[in-house]
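Here are a few notes to read alongside the model. I have kept them to the ligand site and the salt bridges, and I hope they help as you look around.

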Amino acid sequence: KRHRFWETQPVGQFKDAGSGGLQEGPIEPPTPLSAVKSEPYNLPALYEWTICDMDDEQTCAEVYNLLTNNYVEDDENMFRFNYSKEFLQWALRPPGYFKAWHIGVRVKATKKLVAFITGVPGRIRVRKDIIWMAEVNFLCVHKKLRSKRLAPVMIKEVTRRVHLENIWQAAYTAGVILPTPVTTCRYWHRSLNPKKLIDVGFSRLGARMTMSRTIRLYKLPEATATPGFRKMELRDVPAVTRLLREYLSLFIVAPDFAETDVEHCLLPLENVVDSYVVESPDTHEVTDFCSFYTLPSSILNNQNYSVLKAAYSYYNVAAKTPLLQLMNDALVVAKQKDYDVFNALDVMHNDTFLKELKFGPGDGQLHYYLYNYHLRNALKPSELGLVLL
Ligand SMILES: COc1cccc(CC(=N)NC(=O)c2cccnc2OC2CCNCC2)c1
């Protein structure tokens, strides 16, 4: 399949597949900052670049509305991601973020926001190398401006602004295959509200299953089972950071979290991210951790419902508590909070609980990519310790 843009980029090319030659590591060396293009790339005549200041309520609302109406849909166009404004502000302002990497495209004449792409900086370890990368996300072009080749120039522009900060690698995901996936994950769904999921067409009634049998099948306890299971608090940040760094060291690609990162990314934020620790009742030591983020989807065509409330598994560390029990407690609290479904990728050790906790396989895949970094072989999902929003 032609990838006339990606064939011009420093990414693993399909034609080079399997050639033992290339060493693992950066594909292109950094260039001197003086050699980085100092002016933005040219947009088609009617459009102009803009920086989207997410602190500004009106701009944040424009970004929210653009994504709500034009961002990623499932393969059957029944659902569309509906990131909330609070979520976007949280996701786009981690420690050390750059406003200049929150890039919009406006129609010159009307100032209408018609496209968006973002990067946030983060340290990512690949094997033993710790590398500053841009996590690129939220690439969105208004439905009416598709195939105007806006995406390539937006990707080049965010790359240019990342280079200006002396960062030469990036990480991103897509539901489509591009040159060349670092790994390809499957996603899994655990029904929490099976009646609604079937009504909106997210799930189908199993063969030889009645609705009441299905509701019974997915029923969860009213309360969590693990003694000492409680919401994470600021005072837990040092212990959670230690737990998380230890656990993530098991994977080939994973974030290199400092306490400031854990404080931003994992402290509970209503309707954005939920995180729980297990504090041993006798030693008061924090022994385990689990978290999920909130990403609702608009239901595009249903008489009874307009929003699917979905929780997405984030980072989970089961050091003392069995992972199965820890994740079942995550399901219990998600159900208590009225989520309809709990989603997870088969990354890290997730495949050890998915089937047993009654997750069903989704019908799509999520591909992970690294920009300007060559890995000799693709990873298994279980070798990946990175969850992007
Ligand atoms: C249910 O509503 C949907 C609305 C849009 C797309 C999809 C299918 C899909 N593409 N799902 C995922 O990409 C996905 C499934 C499980 C876990 N994380 C995921 O994606 C995350 C990470 C990448 N950025 C989007 C959110 C579902």
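**Notes on the ligand site and the salt bridges**

1. Let's begin with the ligand. In this predicted model, the ligand is surrounded by 18 residues, and the closest of them are Phe-79, Tyr-83, Tyr-187, Ser-297 and Leu-389. On its own the ligand has 590 Å² of accessible area, of which the protein covers 91%.

2. What is the make-up of the shell around the ligand in nonpolar, polar and charged residues? The division is 14 nonpolar, 2 polar and 2 charged.

3. Two of the closest residues deserve a second look for their N and O atoms. The side chain of Ser-297 places an N or O atom 2.8 Å from an oxygen atom of the ligand. Leu-389 takes part through its backbone instead: one of its backbone N or O atoms is 3.1 Å from a nitrogen atom of the ligand.

4. Now to the charged pairs. How many salt bridges does the count come to? The count is 25, and the next points pick out some of them.

5. You may like to start with Glu-157 and Arg-160, whose side chains form a salt bridge with an N to O distance of 2.7 Å. Both residues belong to helix α3, which spans residues 150–164, and they sit 3 residues apart, about one turn of the helix. Buried or exposed? Glu-157 has a relative accessible area of 0%, so it is buried. Arg-160 also counts as buried, because its relative accessibility is 6% and the cut-off for buried is under 20%.

6. Arg-80 and Glu-73 make another salt bridge, with their closest N and O atoms 2.9 Å apart. Both of these partners are buried.

7. For a pair in another setting, please turn to Glu-7 and Arg-2. They form a salt bridge in which the closest N and O atoms are 3.7 Å apart. Why does Arg-2 count as exposed? Its relative accessibility is 64%, and exposed means over 50%. Glu-7, at 38% relative accessibility, counts as partly exposed, because that value falls in between the cut-offs of 20% and 50%.

8. Finally, which residues are linked in a network of salt bridges? The network joins Arg-230, Glu-233, Arg-235, Asp-236 and Glu-279. It is worth displaying these side chains together when you go through the model.

Conventions
Residues numbered from 1 in each chain as written. Predicted model: local features only at pLDDT ≥ 70, side-chain atom pairs only at ≥ 80, totals over all residues. Heavy atoms only, no water. Near = heavy atom within 4 Å. Polar contact = N/O pair within 3.5 Å; in protein donor to acceptor, adjacent residues only side chain to side chain. Areas by Shrake-Rupley, 256 points an atom, 1.4 Å probe, with all protein chains shown as cover. Nonpolar A, V, L, I, M, F, W, Y, C, P; charged D, E, K, R; others polar. Salt bridge = Lys/Arg side-chain N within 4 Å of Asp/Glu carboxyl O. Buried < 20%, exposed > 50% of the residue type's maximum accessible area, 1.4 Å probe, protein only. Helix = DSSP H or I, 4+ residues; strand = E, 2+ residues; numbered from the N terminus.
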